[in-house]
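Here are some notes to read alongside the model, set out as numbered points. They take up an internal cavity and then one of the helices.

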Amino acid sequence: MDELITVAPVAAPVARAGRHAAGGAGGWSVGLDVGGTKTLGVLVAPDGTAGPGLRLPTTRGADAVAATAAAAVHRLLADAGLATTDLVGVGLGLPGIVDTTAGRVEHAVNLGIDAGVPLADLVSGAVGGVPVALENDLNAAALGAAHLLPEPEPDLAFLALGTGLAAGLVLDGRLRRGASGAAGEIGHLVHVIDGLPCPCGQRGCLEQYASGGALTAAWPGPGDRPGPVALFQAAAAGDAGAVAVRDRFADAVAAAVRVLVLTTDVAHVVVGGGVSELGTPLLDVVRAALDRAARDSAFLAAMHMAERVTLAPPGVPVGAVGAALAGRKET
């Protein structure tokens, strides 16, 4: 069953200097953030503002994912009184290995897609031939987060604290995918020597300590609310065990922030993903962990890392907004 969701207006203009592909400016676009359980969609106006969003359940399999994407596009257009001919493009942000040139995706395990699938063509065929672009979900989120900043050439890392841990990078106003599309995969840097096993085959990966999955494993919670929420509530109430788990998590997230800042010197690290819904309490403990490390290092103190960390804005599906920008060739 579909559900309308409220999306805060995104007022920053899309047409920043030098970043539009020819023919992409001036039209409407739809962005879809396709996750393992839900698909979030948003219609972005020619001036870059985003209207009400749409949430649909995700069904596994390439054909089902394409059908859900097409249904979201048609519903968003119908609600706005628009037709597919009004669109300059549709963008999909999704997990897996994404070939942005060929419009193919593979190894999107959460979507039930293993072998390479021409998903862009499947969706385009279902929406009247409108051009469709695919983008990795983290890259799409980074684009969306950058779109919210006032800088003409935003410079940021989008750090996603979800089931896993990874980052999307926008450097000097341009999306940085990397030579093989793996830029920002910092979750598989070793954080603890001979530490917890990781599905990637290593031990002690940062993802095992600084992700939502890691936090839930360390503090499953009472079952009546998410583990991260229960943990932070218990820590705030003075539970010594909860405080220890929370602080270890904050230290690991701070380590991820240091990696991003020290390797790319981004002006902003925007924390998103499911854990970011904790809000200010999360931001406070991560900034405190960064400040503790800076007290012992004049070099780290000079980097002002804590000041660079912010949370993704609540109520704004940055991944869907970024996918819409990718759909209009705004990368």
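1. For the classes used below, Ala, Val, Leu, Ile, Met, Phe, Trp, Tyr, Cys and Pro count as nonpolar, Asp, Glu, Lys and Arg as charged, and the others, Gly among them, as polar. Please bear in mind throughout that this is a predicted model.

2. On internal space, the structure holds 1 cavity of 30 Å³ or more, and the volume of the largest cavity comes to about 30 Å³. Its lining is made up of L161, V253, V271, L282, L283, V286, V309 and L311, and these residues divide into 8 nonpolar, with no polar and no charged residue in the lining.

3. Which elements give two or more residues to the lining of the largest cavity? They are the helix α7, residues 280–295, and the strand β13, residues 309–311; of the elements, α7 gives the most, with 3 residues.

4. Turning to helix α5, which spans residues 227–236, 7 of its 10 residues are buried, so the helix is largely enclosed by the rest of the structure. The buried residues, taken here as those under 20% relative accessible area, are G227, P228, A230, L231, F232, A234 and A235.

5. The cover over the buried residues of α5 includes α4 (212–218), α6 (240–264) and α7, and α7 is also the element that gives the most to the lining of the largest cavity. A reader following the backbone onward should look at G238, just after α5, where phi is positive at about 100°.

Definitions and conventions
Residues are numbered from 1 along each chain as its sequence is written. This is a predicted model: local features need pLDDT of at least 70, side-chain atom pairs count only at pLDDT 80 or more; totals for chains, interfaces and linings use all residues. Side-chain values use heavy atoms; hydrogens and water are left out. On a 1 Å grid over the protein atoms alone, a cavity is a set of points where a 1.4 Å probe fits but cannot get out, and a pocket is an open set with protein on both sides within 12 Å along at least five of seven lines; lining residues have an atom within 4 Å of a point. Grid points are joined across faces, edges and corners, and a volume is the space filled by probe spheres set on the points. Helices (H or I, at least four residues) and strands (E, at least two) are DSSP runs, numbered from the N terminus. Buried means under 20% relative accessible area, exposed over 50%, partly exposed in between (1.4 Å probe, protein chains only). Contact means heavy atoms within 4.5 Å.
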